[in-house]
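Colleague: I have not looked at this structure before. Could you take me through some of its features?
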Amino acid sequence: MAEPKIGIIGAGGIAPSHIEGFLAAGAEVVAIANRTVSKAQSLAGRYAIPLVCSSLDEMLAKAPLDAVAIAAPTFMHAPLAVQALRAGLHVFCEKPPALNAHEAEAMADAAARSGKVLMFNFNNRARPEAQAMMEFIQRGGVGRINSAQAAWVRQMGIPGYGGWFTNKKYAGGGAMIDLIHMADLALYFMDFPKPDYVLASNFYNFQHDEAFRSDYGEQIEAESSSGGGQKAVMDVETACHAMVTFKTGQCLMIRASWAEMVERERASVTFQGAWAGGTLERIFSTQGGPLVADTTDGFGRAAADNGKNSYIDRCKLFVLDNGKIIERSLVFGAGQDDMGRRANVANFVKAMRGEARPLNTPNQAVRLMKIIDAIYESAATKQPVSVAG
Ligand SMILES: NC(=O)c1ccc[n+]([C@@H]2O[C@H](COP(=O)([O-])OP(=O)(O)OC[C@H]3O[C@@H](n4cnc5c(N)ncnc54)[C@H](O)[C@@H]3O)[C@@H](O)[C@H]2O)c1
């Protein structure tokens, strides 16, 4: 395949990272669509994208494409992906895969029928330290992972407060489904075992506290209603804690929060294997300012700073060697602050060219969404939920 031709759907907060990823991977971004055309025009100007559209329909009619990247709100993922796959295009779709497992199954089914690549932006799998950790696990360095703990916990930062992110109808849920990355990464390390039971609780603290708002995500009601009357819907959890058991006897604990009294924002997966353990984490500055000296990376090095946020990455293994527990650090240089987003897009481009295996698959997305569905059901019913399939 010559330079693959890509269309971007959605011109909001995450879209620039898709465009930059595709350009860096040697693809051509030939079109961009957004419900409000002015937003697409602005990104088209910035990245010299020749065609601006208001919808996928218009894009399909006007642009010869090999693939689309879906950077629209979650409720549009399944309809847009199914339409694009049926039109014979490869699809790169943002996380979470869909509103629920039923929609994710429809997407997986459309991908299987079309024979095209459907891949999700589980960018954290593409981080170099995640790939190194996975290689170590696959080489048998850890043994079976007995138990893992996935957490993305944040003190203050409810995304798009009052917009689509905080509206269950459009987002599928709150912190748990939005901060899905670490649960996905833990399942990846565990080789996606078959889930058995889920037990979960949702929390709704700080839901309407202005201090906890962050400013990304579109005000969807305001834009779609003809009169522009904004409805600040906030009907999702600000934190969720869950436990998943698997038919294999393994287990996974997941914590996700947009607003919770934790020490600082942290995204991590920790696991205990049959003969070794490991942890991979990013510690963020609390309010975008620099991290203080108490959180150096264990080697006394300062936190990396990408101009907006500062952070420290740690990736460690705990192994038994000659009767002693040895702590090993996987050390990576600076410049990884996009959390694997470019590398994930590069993998998708290679996968659609048949040059690499996709880093994630539709069936994995379905299994993950079944767990998310069960988490929400358990939180709502206050009962353990058996996960089908
Ligand atoms: N991988 C990551 O780390 C990461 C980070 C942020 C957001 N995301 C995901 O990316 C997606 C978009 O998030 P965002 O922050 O960019 O949201 P956003 O609200 O900033 O932007 C979404 C854009 O999509 C447009 N849109 C809605 N329906 C459309 C349609 N049918 N056709 C074309 N355009 C449409 C909206 O007008 C808006 O401009 C979400 O699924 C979110 O979870 C992923």
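Modeller: Certainly; please note that this is a predicted model. Helix 1 and helix 11 are oblique to each other, because their axes cross at roughly 55° and that angle falls in none of the parallel, antiparallel or perpendicular ranges.

Colleague: Which residues does each of the two helices run over, and within what distance do their axes come?

Modeller: Helix 1 covers residues 15-24 and helix 11 covers residues 341-352, and their axes come within 8 Å. The crossing of helix 1 past helix 11 is right-handed.

Colleague: Which residues make the contact?

Modeller: On helix 1 they are Ser17, His18, Glu20, Gly21, Phe22 and Ala24, and on helix 11 they are Arg341, Arg342, Val345 and Ala346. By class, four are nonpolar, three polar and three charged.

Colleague: Turning to helix 4 and helix 5, at what angle do they pack?

Modeller: The angle between helix 4 (residues 77-86) and helix 5 (residues 101-114) is about 10°, and their axes are 9 Å apart. Helix 4 is therefore roughly parallel to helix 5.

Colleague: What residues are involved there?

Modeller: Helix 4 contributes Ala78, Ala81, Val82, Leu85 and Arg86, while helix 5 contributes Glu103, Ala106, Met107, Ala110, Ala111 and Ser114. This contact has eight nonpolar residues, one polar and two charged.

Colleague: A change of topic: where is Val233?

Modeller: Val233 lies in the loop between helix 10 (220-224) and strand 9 (239-246).

Colleague: Why does Val233 count as partly exposed?

Modeller: Val233 has 18 other C-beta atoms within 10 Å, and a residue is called buried only at 20 or more and exposed at 12 or fewer. In addition, its C-alpha atom is 9.9 Å from that of Lys169, 64 residues away along the chain.

Notes:
Residues are numbered from 1 along each chain as its sequence is written. This is a predicted model: local features need pLDDT of at least 70, side-chain atom pairs count only at pLDDT 80 or more; totals for chains, interfaces and linings use all residues. Axes are lines fitted to C-alpha atoms, for helices over the stretch in contact, and angles run from 0 to 180 degrees between N-to-C directions. Helices (H or I, at least four residues) and strands (E, at least two) are DSSP runs, numbered from the N terminus. Angles under 35 degrees count as roughly parallel, over 145 as roughly antiparallel, 65 to 115 as roughly perpendicular and the rest as oblique. A crossing is left-handed if the near helix is turned anticlockwise from the far one by less than a right angle, and right-handed if clockwise. Two residues are in contact if their C-beta atoms, placed from the backbone, lie within 7 Å. Ala, Val, Leu, Ile, Met, Phe, Trp, Tyr, Cys and Pro count as nonpolar, Asp, Glu, Lys and Arg as charged, and the others, Gly among them, as polar.
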